[in-house]
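Q: Hi! I'm new to this one, could you walk me through it?
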Amino acid sequence: MSEECSHNCSKCNSSDCADRTSPQSLLEHTNEASHVKKVIGIVSGKGGVGKSLVTSLLAASMQKKGCSTAILDADITGPSIPKMFGIHQRAGSSEMGIEPAQTRMGIRMMSLNLLLEHDDDPVIWRGPMIAGVVKQFWTDVCWGDADYMLVDILFTDIYHCHFMSLRLSAFRKCTDQFSGIASRTRATIQH
């Protein structure tokens, strides 16, 4: 970087600028009150294939095996994870950030319907608003210590940019309803 750098790269002619040549990470950091070891994406390109079911079963199985588990419900237009666990209370907040809801088993979760006045209110957001919420769930929620975080997400171009900013350890694709749930569950838990 030049001694006279104005930090306006569009007007700079320097080809050896460290700001311009060094690789930039797209990964976002979690909230300082969060320590997530592994992130597993449960994805599909369409709805109704069992992503939420697979996510819920994996989380319950991992928690029963003694792993601290969290769920980020990034399916913003069709959030169903809290309903699967019978959670109807709203998420809390503290000076550190957003506090996730917790199941009776101890699974921490965050979903858009935990922030709405009524958990069954429709959400008709599009594009950047949806992607921004996914990012905010990752960066602003106080997840605490989690061995595994499962991300339930409808994988479309809208989500692509922010989904790739998460530190994925594994990726599970749901292609048709209920296919391979048992094998996916075993494969993920063993790793």
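Q: Let's start with α2. Which of its residues are buried?
A: Happy to help! This is a predicted model. In α2, the buried residues are Lys51, Ser52, Val54, Thr55, Ser56, Leu58, Ala59, Ala60, Met62 and Gln63.

Q: What does that say about where α2 sits?
A: With 10 of its 14 residues buried, α2 is largely enclosed by the rest of the structure.

Q: And how far apart are the end C-alpha atoms of α2?
A: They are 20 Å apart, which agrees with the 20 Å that 14 residues should span at 1.5 Å a residue.

Q: What follows α2?
A: Glycine 66 does, and its phi is positive, near 95 degrees.

Q: Switching topic: how many helices and strands are there in the protein?
A: The protein has 6 helices and 8 strands. Starting at the N terminus, the order is α-β-α-β-α-β-β-β-β-α-β-α-β-α.

Q: Which residues touch the most other members of the largest nonpolar core?
A: That core has 39 residues, and Leu72, Met109, Phe137, Trp143 and Met149 touch the most other members. Elements that each supply at least two of its residues include α2 (51-64), β2 (69-73) and α4 (127-140). The largest share, 6 residues, comes from β7.

Q: What is leucine 72 in contact with, beyond its neighbours within four places in sequence?
A: Its partners are Met110, Phe137, Trp138, Trp143, Met149, Leu150, Val151 and Asp152.

Q: Last one: what percentage of the residues in the protein is buried?
A: Of the 191 residues, 43% are buried.

Definitions and conventions
Residues are numbered from 1 along each chain as its sequence is written. This is a predicted model: local features need pLDDT of at least 70, side-chain atom pairs count only at pLDDT 80 or more; totals for chains, interfaces and linings use all residues. Side-chain values use heavy atoms; hydrogens and water are left out. Helices (H or I, at least four residues) and strands (E, at least two) are DSSP runs, numbered from the N terminus. Buried means under 20% relative accessible area, exposed over 50%, partly exposed in between (1.4 Å probe, protein chains only). A nonpolar core is a set of buried Ala, Val, Leu, Ile, Met, Phe, Trp, Tyr and Cys residues joined through side-chain atoms within 4.5 Å. Contact means heavy atoms within 4.5 Å. The expected span of a helix is 1.5 Å times one less than its number of residues.
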